[in-house]
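The exercises below are meant to be worked through with the sequence and the coordinates at hand. Each task is followed by a solution that proceeds step by step.

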Number of protein chains: 2
Amino acid sequence: MENQEIRDAGLKVTGPRVKILEILDRAGERHLSAEDVYRLLLESGDEVGLATVYRVLTQFEAAGLVERHNFEGGSSVFELNKGEHHDHIVCVICGKVVEFIDETIEKRQRQIAVEKGFEIADHSLTIYGRCNNPACSRRKEKGG
Amino acid sequence: MENQEIRDAGLKVTGPRVKILEILDRAGERHLSAEDVYRLLLESGDEVGLATVYRVLTQFEAAGLVERHNFEGGSSVFELNKGEHHDHIVCVICGKVVEFIDETIEKRQRQIAVEKGFEIADHSLTIYGRCNNPACSRRKEKGG
DNA sequence: AGACTAAATGCAAAAGCTTCTCATTTATTG
DNA sequence: CAATAAATGAGAAGCTTTTGCATTTAGTCT
């Protein structure tokens, strides 16, 4: 059961924490900001303070339960950590996010870190572009 | 002359702009936050408002004169755009930044974008780790 | 079950970073 | 040198995130 994950993180199993975990779980591959999580909580009729949402997300991040990403634009977004690292490709128009894993890139990164005398702690690769949604892609705009 | 770059960007050649460009130039590969630039201006005896620094940096970014990076931790940092794209490896302890270019990674990114149906606009790859500075590297901390 | 304690929560205030407003100043053009 | 649109400075305001503190709660021990 999921509550065990909270317990394993050394945190008390409280209403807000369980609910936030549920919301992230339901969000699947979507990335939610603290505001998003807060709004979804309210919509579910749960009275949780925004400060608590921030606190819990930060704790979950520290515990490795969730990952925080800082894409372009003010706020951080969060997603459940499913164990395997992945990078992101983000549509700059509609905000759609696709996750990917590429071992070639991972390997080169490790090599580069060694070359530069660094010991890798983490990395973040985000590609920004336009997705193939008609509203986003920029096909040759014929002299319309 | 550098002032021409400002003019080419469609901006008036003003004291603040020239000085900010100079500061970024002197900074070389170091990455400066808006605050950093502001402080350096004051230290040079130039009275420029922080708001102006932000405005000018944003304009320079829009004009392609500088690049903005959002590494972990609150604020954006800026560096002069020397024309060639590069990625970064950042020391999470001392903040040191090393730039690198890797064609293998670049190529894979283009392939991935195509696979996922995206048209690349930009990308950002940052590796976080500990540099080989004794104070930063985490050699097996022998007892004592 | 009831009591105890450290942790968690909610709220509002505060803190960073960045942008905006607007009166004043300045670069540029004729 | 006058005219004018753009740029500036100072502070207010905006956003996201954190913090302080009184109150509530989960987990533990009887």
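**Exercise 1. Which backbone and side-chain atoms approach DNA strand D?**

Task: In this predicted model, begin at Val13(A) and determine which atom of DNA strand D is 3.2 Å from a polar backbone atom of that residue, then describe the surroundings of the strand.

Solution. Step one: a polar backbone atom of Val13(A) lies 3.2 Å from a phosphate oxygen of DNA strand D.

Step two: turning to the bases, the side chain of Lys12(A) places an N or O atom 3.1 Å from a base nitrogen of DNA strand D, and a polar side-chain atom of Arg55(B) is found 2.7 Å from a base nitrogen of the strand.

Step three: the surroundings of DNA strand D comprise 22 residues, the closest being Tyr54(A), Thr14(B), Glu47(B), Thr52(B) and Arg55(B). Of the atoms of DNA strand D that come within 4 Å of the protein, 66% belong to sugar and phosphate.

Step four: the surface near DNA strand D receives at least two residues from each of H4 of chain A, helix H2 (15–27) of chain B and H4 of chain B, and by class this surface consists of nine nonpolar, six polar and seven charged residues.

**Exercise 2. How is DNA strand C surrounded?**

Task: State how many residues surround DNA strand C, which helices each supply at least two residues of the surface near the strand, and which atoms of the strand lie opposite Arg17(A), Tyr54(B) and Lys12(B).

Solution. Step one: DNA strand C is surrounded by 21 residues, of which Thr14(A), Glu47(A), Thr52(A), Arg55(A) and Tyr54(B) are the closest.

Step two: helix H2 (15–27) and helix H4 (50–62) of chain A, together with helix H4 (50–62) of chain B, each contribute at least two residues to the surface near DNA strand C, and H4(A) provides the largest share, with four residues.

Step three: by class, the residues of this surface near DNA strand C are eight nonpolar, six polar and seven charged.

Step four: for Arg17(A), an N or O atom of the side chain is 3.0 Å from a phosphate oxygen of DNA strand C, and for Tyr54(B), a polar side-chain atom lies 2.5 Å from a phosphate oxygen of the strand. Lys12(B), by contrast, has a side-chain N or O atom 3.2 Å from a base nitrogen of DNA strand C.

Step five: among the atoms of DNA strand C within 4 Å of the protein, sugar or phosphate accounts for 66%, while the rest belong to bases.

**Exercise 3. Why is chain A described as more spread out than a compact globule?**

Task: List the secondary structure of chain A in order, and then give the reasoning for the description of its overall form.

Solution. Step one: chain A contains five helices and six strands, which follow one another along the sequence as α-α-β-α-α-β-β-β-β-α-β.

Step two: the globule rule gives 15 Å for 144 residues, whereas the radius of gyration of chain A is 18 Å, well over that value, and chain A is therefore more spread out than a compact globule.

Step three: along the principal axes, the C-alpha atoms of chain A fill a box of roughly 55 × 50 × 25 Å.

Step four: 40% of the 144 residues of chain A count as buried, and the chain exposes about 8100 Å², of which carbon and sulfur atoms supply 47%. Among contacts in chain A with a separation of 6 or more, 43% join residues 24 or more positions apart.

**Exercise 4. Is His123(A) buried or exposed?**

Task: Place His123(A) within the secondary structure of chain A, classify its accessibility, and identify its contacts.

Solution. Step one: His123(A) belongs to strand E6 (residues 119–130) of chain A.

Step two: the relative accessibility of His123(A) is 11%, and because buried means under 20%, His123(A) counts as buried.

Step three: the side chain of His123(A) makes polar contacts with the side chain of His85(A) at 2.8 Å and with the side chain of Gln109(A) at 3.3 Å.

Step four: apart from neighbours within four places in sequence, His123(A) is in contact with His85(A), Asp87(A), Glu106(A) and Gln109(A), and also with Thr126(B), Ile127(B) and Tyr128(B) of chain B.

Notes:
Residues are numbered from 1 along each chain as its sequence is written. Chains are lettered from A and ligands numbered from 1 in the order in which they are written. This is a predicted model: local features need pLDDT of at least 70, side-chain atom pairs count only at pLDDT 80 or more; totals for chains, interfaces and linings use all residues. Side-chain values use heavy atoms; hydrogens and water are left out. A residue is near a molecule or strand if one of its heavy atoms lies within 4 Å of it. A polar contact is a pair of N or O atoms within 3.5 Å; within protein, one must be able to donate a hydrogen and the other to accept it, and residues adjacent in sequence count only if both atoms are side-chain atoms. Ala, Val, Leu, Ile, Met, Phe, Trp, Tyr, Cys and Pro count as nonpolar, Asp, Glu, Lys and Arg as charged, and the others, Gly among them, as polar. The radius of gyration is taken over C-alpha atoms; the globule rule is 2.2 Å times the number of residues to the power 0.38. Buried means under 20% relative accessible area, exposed over 50%, partly exposed in between (1.4 Å probe, protein chains only). Contact means heavy atoms within 4.5 Å. Accessible areas come from the Shrake-Rupley method with a 1.4 Å probe; for residues, only the protein chains shown count as cover.
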